[in-house]
Amino acid sequence: MREERGCTIGKLIDEFDGYLCDCCGASDRTRLRYTSHARTFLQERFGSSPPDLGKLAVADVIAFVTERAARYKPKTTQLAATAIRSFLRFLCITGRCDERLISAVPTVPSFRLSSIPASLSDEQLTHLLHCIDCSRPVGCRDYAMIQCMASLGLRAGEVARLSLDDIDWRSTILRIPISKARRFDELPLVDDVGRAIADYLRNGRPQTNVRQVFVQHKLSIGSSLSSSAVSCAVRRAFNRTDFDLPAKGAHVLRHTLGARMVRKGVSIKAIADVLRHRHIDTSMIYTKVDLTHLREVALPWPEAY
């Protein structure tokens, strides 16, 4: 096992980040999440002292994951476990830890289709949109971004990356670049989305050479947005409401589109196409929110005689 001298947590995390980028081809978002969990793992084990990696034990790995399992949802815990497994693999490859630590990372159970996605009713969505002050440039931008997510099912990152070149106004088509592939998904530019984007471009967007549709309005005016900035805009809109929801993030809007299509009788195949799910089974979760039809197929409780 390689002996470390003068190694700090910061240097180790920087090296791990380089490994994720150069050897694994991880996206910026994945690298940020993995390095964050790895940093927390080291800080909880070694505090502010230089990490003595030779002292890492199976119990440290198990304690880190199980402690998060008690505090967070399964998917969040799964991410932490995957990040630590990747970090330990990096340490093993560079001769800093024993391979047994990798296999010691607990598996976090998570059953597909076991949960009901948080979504908005038609009335709640209307109220959310009405809570945005479109008389201000920032509000005009946030309204258009939320329309993209609620009416087309775009993810926060896809909204942030949306370029002026991705919009075909003549054919009313919106092209969504597929990450890590040189091809596009195409969605119809529905009226509500088209009008909202056009209004922002004409009346709210600051002068800039950036090709992204949605840009910064405060710090670094005119620079491109990050996915986290899009998510923050969604949370600001939710904070103006009194909705009692288990989640109030950008993905709720995507779930809302799936739930609305189910309620309108759209086929699961069509929902999968619009939401661009790789597997049609992923779209089946939205059938759980159609309580009216679920009640119709539910068997009556047998009478007691």
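Biologist: Where is the place of D166 in the structure?

Modeller: In this predicted model, D166 sits in the loop between α8 (156–161) and β1 (167–168).

Biologist: Which side chain of opposite charge is nearest to D166, and how far away is it?

Modeller: The idea is to look for a positive partner within 4 Å, the limit for a salt bridge. For D166 the nearest candidate is R175, 6.8 Å away. D166 is therefore without a salt bridge, although this residue is buried.

Biologist: What does the side chain of D166 reach, then?

Modeller: Look at the backbone: the D166 side chain comes to 2.9 Å from the backbone nitrogen of S163. Leaving aside residues up to four places away in sequence, D166 also touches R161, I173, L174, R175, P177 and F184.

Biologist: Now to the rings. How many aromatic pairs does the structure hold?

Modeller: There are eight. To read a pair, check the distance between ring centres and then the angle between the planes; from 30 to 60 degrees the pair counts as tilted. Take F16 and F90: their centres are 5.5 Å apart and their planes meet at 40°, so this pair is tilted.

Biologist: Which parts of the chain does that pair link?

Modeller: Distant ones: F16 belongs to helix α1 (residues 9–22) and F90 to helix α4 (residues 74–93), 74 residues apart.

Biologist: Are F16 and F90 buried or exposed?

Modeller: Both are buried. Y19 pairs with F90 too, with centres 5.4 Å apart and planes at 40°, so that pair is also tilted. Y19 lies in helix α1, 71 residues from F90 in helix α4, and Y19 is buried as well.

Biologist: Which residues do ring pairs link into a cluster?

Modeller: The cluster is made of F16, Y19, F87 and F90.

Definitions and conventions. Residues numbered from 1 in each chain as written. Predicted model: local features only at pLDDT ≥ 70, side-chain atom pairs only at ≥ 80, totals over all residues. Heavy atoms only, no water. Phe/Tyr/Trp six-rings, centres within 6.5 Å; stacked < 30°, edge-to-face > 60°. Helix = DSSP H or I, 4+ residues; strand = E, 2+ residues; numbered from the N terminus. Buried < 20%, exposed > 50% of the residue type's maximum accessible area, 1.4 Å probe, protein only. Lys, Arg positive; Asp, Glu negative; His and termini not counted. Polar contact = N/O pair within 3.5 Å; in protein donor to acceptor, adjacent residues only side chain to side chain. Contact = heavy atoms within 4.5 Å.
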